[in-house]
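Here are my notes on this one, jotted down while going through the coordinates. Have a look at the structure first, then read on.

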Amino acid sequence: MSEVIRIENLSKIYENGPLQVKALDQVSLNIEEGEFVAIMGASGSGKSTLMNIIGCLDRATEGEYLLDGINIKEKKDDELSHIRNANIGFVFQFFNLIARTSALRNVELPMIYAKLDRQERHQRALQLLEDVGLADRGHHLPNELSGGQKQRVAIARALANNPSILLADEPTGNLDSQSSVEIMEIFQRLNRERGTTVIVVTHEPDISQFAQRVLTFRDGKIIGDTRKPSNEKGGNSHAMD
Amino acid sequence: MLWIENVHLAISAIKANKLRSFLTMLGIIIGISSVISITSIGASAKGAVSDEFDSLGKAYMYLMINYSQLAEMYTDYSIMGDDLFSQEDVDALKERFPQDIRYATLYTYNNSETRVGRTTADLAIMGVAEGYSDYNKTIQMVYGRMINESDVKGSRDRIVVDVECARKLFGREDVVGEELPIQVEGDSRGFIIVGVYQMEETLSSQINAAMGMSSYSVYVPFSSMLSGEGVSSYIEIYGNPDKDVRQQGEAYANYMNRIKDKPEDFYMVETAEGQQDIINQVLGVLSVAIGAIAAISLLVGGIGIMNIMLVSVTERTREIGIRKSLGARTRDILTQFLIEAVILSVIGGIIGTMLGVGIAALGMSIAGVRVVVQPLVVVLAVLFSAGVGLFFGLFPARRAAKLDPIEALRYE
């Protein structure tokens, strides 16, 4: 398995007047292709900051971050936009679908920025919606969908350009337990069937049970990195019981 | 491809806030519609004025005392009988320029009321010489004849009336042989109608009609209208239309200075062309003044667009964050908001253009003048409104494009 993410001695320091806040403190971490990783930790532990850096939305103050072998530090803002578009699929806690825009067009959006032609992206968006079980909801607006359905649209959108990693920030934070299980099962299925690398940030231990590897953060440092035995890989659908 | 997407996006954003978008466009609509209506009215008026002068003939002019020059030369000057023109002067002028002067006569004009039975009418009486209708093309004889040589030579009380006038006074059109009582120099004299003409409608006749000035133009032999001394302040001339009219006029005025032994610039010639220039100048100044008002309203409209785009950027901060996280580059966001601003103002420009053409058409139809809409002005107006959108949209669009994706995503 090849390395998708390589992080070495990464620090993120926020200057708050005379005060320095170390959100990440000398973090080193490798994630291989096809892994399903949960990042755990209390709020303020640095997990969201790491998430933003991995997602190329933010830059580290010190240290190295390589995504698919690309050194992110050297890239300009517009190059980061391109990397986000091509290599990363985001799933957010608050779904972040664009209002007044149909599910189908929401899924098409990353492909529009990737300059795919109309016919191609339309076909692909339909296929992706079918994959998440929303084939008949393409023309619905976000406010006509339930929370679980919204999140499934968001997953379809995240997959639009075949990203190397799927980055989910508290994806079940706004869902009931039934929908949460459904969403996590979709992640598992994608991980198992397509070999998509999935990284889920969560503070709920139940959710982290779906992952094969759990990283635990406290005060900007990794304090735990546990892997499940390989024979249990992908077989955790009972975790929410 | 992204352009088409952006146009779709912009239209759906505008549709989502219909009232707000309309109110935003209002400044542009008012600005553009005033530009279009003013330029159309100006062009129509110019066209009508030049039509009118064309009907008079471009070689039409009159010789007169140069009053403004006189006022400069002398502090107190009273016009003497000798300064005015007599028939001898007209004859001398015709003799000197036999090739160029087609028609020349002492100018006589009078207003009088006439009465037939119990019906009265106001007449504008022009004194003419024979052959006048060969040069004034607005006169078309319907019955009888125009004033002829023997009418003029004999100073006969003969008159040619307008067909409308005939209808009003006699209730019929063919009134040749009837008599009209007219006041000349305090005396009431009976003029025999020898002809009835129909006048081509011109701007001034329509304006007069619209303002309720129902005075009818009638023609009599100029000789029948001359005062006791037989002099007039003007000589009416049709010169050679194939030669420079202004130069001809100067030659006539100079000749008149010489034969009447007057200082230089004592007499002058007013040409139809010169008059047209003055009217065009007035219209030009008017256009500039109203153009300035239109420019201010476009400026205000542009600021309105900037304001609403800033509101829109703030409202959609989160959307901008989402788009950036999905791979939108700075310029993708920039073009999205720029296109929205441009479309907003172009729609305003198109509505304004239609409104302006409508206002001009309405105004011109009341005045009874054909509307001249200049396609170039319409194209320029729409392009200009696009320019306004581009200019005033740039600042909000840049603000949107520069948003930090993390901040934008966190925005509630």
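A crossing of two helices is called right-handed if the near helix is turned clockwise from the far one by less than a right angle, and left-handed if it is turned anticlockwise. Keep in mind that this is a predicted model.

1. With that convention in hand, start in chain B. Helix 4 of chain B (residues 87-96) and helix 10 of chain B (residues 245-259) have axes that come within 11 Å and cross at roughly 125 degrees. That angle makes helix 4 of chain B oblique to helix 10 of chain B, because angles of 65 to 115 degrees would count as roughly perpendicular and only those over 145 as roughly antiparallel. The crossing itself is right-handed.

2. Who does the touching there? On the helix 4 side of chain B the contact is made by B:Asp89, B:Ala92, B:Leu93 and B:Arg96. Helix 10 of chain B answers with B:Tyr252, B:Tyr255, B:Met256 and B:Ile259.

3. Staying in chain B, take a look at B:Ala13, which sits in helix 1 (residues 2-16). Is B:Ala13 buried or exposed? B:Ala13 counts as buried, because it has 20 C-beta neighbours inside 10 Å, and 20 is where the buried class begins. B:Ala13 also lies 7.9 Å from B:Glu340, C-alpha to C-alpha, although the two are 327 residues apart in sequence.

4. Over to chain A, and a quick sanity check on helix 4 of chain A (residues 118-131). Its 14 residues, at 1.5 Å a residue, should span 20 Å, and the end C-alpha atoms are 20 Å apart, so the two agree. Just after this helix, A:Gly133 takes a positive phi of about 80 degrees.

5. Helix 4 of chain A has two faces worth comparing. Its buried residues are A:Arg121, A:Ala125, A:Leu128 and A:Leu129. They cover an arc of only 100 degrees around the axis, which puts them on the same side of the helix. The general rule behind such a pattern is that an α-helix has 3.6 residues a turn, so residues three or four places apart point the same way. The buried residues of helix 4 of chain A pack against helix 3 (103-113) and helix 5 (147-158) of chain A. Turned away from that buried side are the exposed residues A:Gln119, A:Glu120 and A:Gln123.

6. Last, the interface. In total, 20 residues of chain A are in contact with 17 residues of chain B. On the chain A side, the elements giving two or more residues are helix 2 (77-87) and helix 3 of chain A. Helix 2 of chain A supplies the largest share of that side, six residues.

Methods. Residues numbered from 1 in each chain as written. Chains lettered and ligands numbered in written order. Predicted model: local features only at pLDDT ≥ 70, side-chain atom pairs only at ≥ 80, totals over all residues. Helix = DSSP H or I, 4+ residues; strand = E, 2+ residues; numbered from the N terminus. Expected span 1.5 Å × (residues − 1). Buried ≥ 20, exposed ≤ 12 C-beta atoms within 10 Å, placed from the backbone. Arc of directions from axis to C-beta. Contact = placed C-beta atoms within 7 Å. Axes fitted to C-alpha atoms, helices over the stretch in contact; angles between N-to-C directions. Parallel < 35°, antiparallel > 145°, perpendicular 65-115°, else oblique.
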